[in-house]
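Got your viewer open? Load the model, switch to cartoon, and let's walk through it one selection at a time.

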Amino acid sequence: MAEQRRDQGDGREAREESQVVGDPWGRDALQEEVRAWEELVATARRTVADGLVVGTSGNVSLRVGDTVLVTPSGVPYDRLTPDDVTGVDLDGRQVLGTLVPTSELPMHLAVHRTTDARAVVHTHAVHATAVSTLVTELPVIHYMTGALGGPVRVAPYATYGTDELAENMLQALTDRSACLLQNHGTMAYGTTLDQAYDRTAQLEWMCRLWLTASSVPGLSPSLLSEEQLREAGEKLREYGQRG
C-alpha cells in the first residue's frame, strides 16, 4: 500500500510539473515555458545593464520545444512582466501572448531553424557596431576568436526585420556562433542563454580591443596567424570543468 501511495504521489507530482497556466498567455503554457520566460527577461535586462543595448534596440529569444519565446517589440525590458510573454512557432505564428514579437523575428527564427541554437541574443553594442562599418571581417586580434568558431564575419547590410537581412546573417554565421551585422550590431547564439550572452559580450570586447589598438598613431596591432588561431581553438574546446 505504501508503494502504491508513493506511485500515486509521483504521478501527481508529474502532473503538477506539466500543469498548464491559463490567461493571459493566449494559450495554455507549460511551467517550463514560464520559467524560460523569466530567464529570457533577466537576460534582456542584463544587455541593458551591461551597456550592450540602449532602450529596446536589441532582442533575445529562447526555444522551448517547438516554441520560440521572444522579447516583444518596443517594450522596455524593465517593464516586462510574466503577463507579457510572447512566443511563436518555428513558422512565426504567434502561439503565446498578445504583444507583437520583435521586429527582428526573421533573424531569430532563421537561427533556430538552421542551427542547434536554443538561445539567440542580438544587440546594438557600440564597439561591435562601429567595427561593422569598417571591415568585412573582424581582424584576429585575440585568441578568443576561436571560441566563436573562427574569424568573425560581417553580414552585408540589409533593412532590419527583413528576410534579406536574415539570409545575409546566416551566410555570415556559417561554421560560426556569432557575427556582426553591417551598420547594425551583433548576433550570437548558444545552447543556453548564458552561452549566447557570453559570446555576445566576448565579441563586443574583442571589437573594443581592436579599435583601441588600431587608434595608436603610427602603429598597427599584431594579429594572430591561422595556425595560432587553430591551436588556440583546439585548447578552448578543452577549457573549463568536465564531468
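Start by selecting Asn183, which sits in the loop between β9 and β10. Keep in mind that this is a predicted model. Check the backbone here: phi of Asn183 is near 55°, a positive value in a residue other than glycine. Is Asn183 buried, exposed or partly exposed? Its relative accessibility is 48%, so Asn183 counts as partly exposed.

Now widen the selection to take in both strands flanking that loop. β9 and β10 form a hairpin, with 3 residues between them. β10 covers residues 185-190, runs antiparallel to β9, and is joined to β9 by 4 bridges. For one of the pairings, pick Cys179: its bridge partner in β10 is Met187.

Next, show side chains on β9, residues 178-181. Which of them point the same way? Ala178 and Leu180 go to one side while Cys179 and Leu181 go to the other, and all are buried. Stay on Cys179 for a second: its relative accessibility is 0%, under the 20% cut-off, so Cys179 counts as buried. Jump to Cys207 and you get a similar story, since Cys207 is buried too because its relative accessibility is 0%. If you were about to hunt for sulfur-sulfur links, how many disulfides does the structure hold? The count is 0.

Back to β9, and this time look at its other pairing. β8 (residues 154-155) pairs with β9 in the parallel sense, over 2 bridges. Select Val154 and Leu180 together: Leu180 is the bridge partner of Val154 in β9. Add helix α5, residues 163-172, and you have a right-handed β-α-β unit made of β8, α5 and β9.

Follow the chain from α5 towards β9 and stop at Asp175, which lies in the loop between the two. Here again is a residue other than glycine with a positive phi, near 60° for Asp175. With 64% relative accessibility, over the 50% cut-off, Asp175 counts as exposed, and that is why the label fits.

Keep α5 on screen and add α3, residues 105-114. How do the axes of α3 and α5 cross? They come within 8 Å and cross at roughly 40°. That angle makes α3 oblique to α5. Rotate the pair until one helix lies in front of the other: α3 passes α5 in a right-handed crossing.

Time to zoom out and colour the sheet by strand. 8 strands form an open sheet with mixed pairing, in the order β6-β5-β4-β3-β7-β10-β9-β8. β6 (94-96) and β8 stand at the edges with a single partner strand each, so one side of each has no neighbour in the sheet. Elsewhere in that order, select β4 (residues 67-70) and β5 (residues 87-89), which run antiparallel and are joined by 3 bridges. Leu69 is a handy marker for this pairing, with Gly87 as its bridge partner in β5.

Last stop: Gln228, found in helix α7, residues 226-237. Gln228 counts as partly exposed because its relative accessibility is 41%. Now select Tyr143 as well and draw a C-alpha to C-alpha distance. Gln228 and Tyr143 are 85 residues apart in sequence, and in space the gap is 7.9 Å.

Conventions. Residues numbered from 1 in each chain as written. Predicted model: local features only at pLDDT ≥ 70, side-chain atom pairs only at ≥ 80, totals over all residues. Heavy atoms only, no water. Buried < 20%, exposed > 50% of the residue type's maximum accessible area, 1.4 Å probe, protein only. Pairing = 2+ DSSP bridges. Right-handed = clockwise from strand over helix to strand, strands pointing away. Disulfide = S-S within 2.5 Å. Axes fitted to C-alpha atoms, helices over the stretch in contact; angles between N-to-C directions. Parallel < 35°, antiparallel > 145°, perpendicular 65-115°, else oblique. Left-handed = near helix turned anticlockwise from the far one by under 90°.
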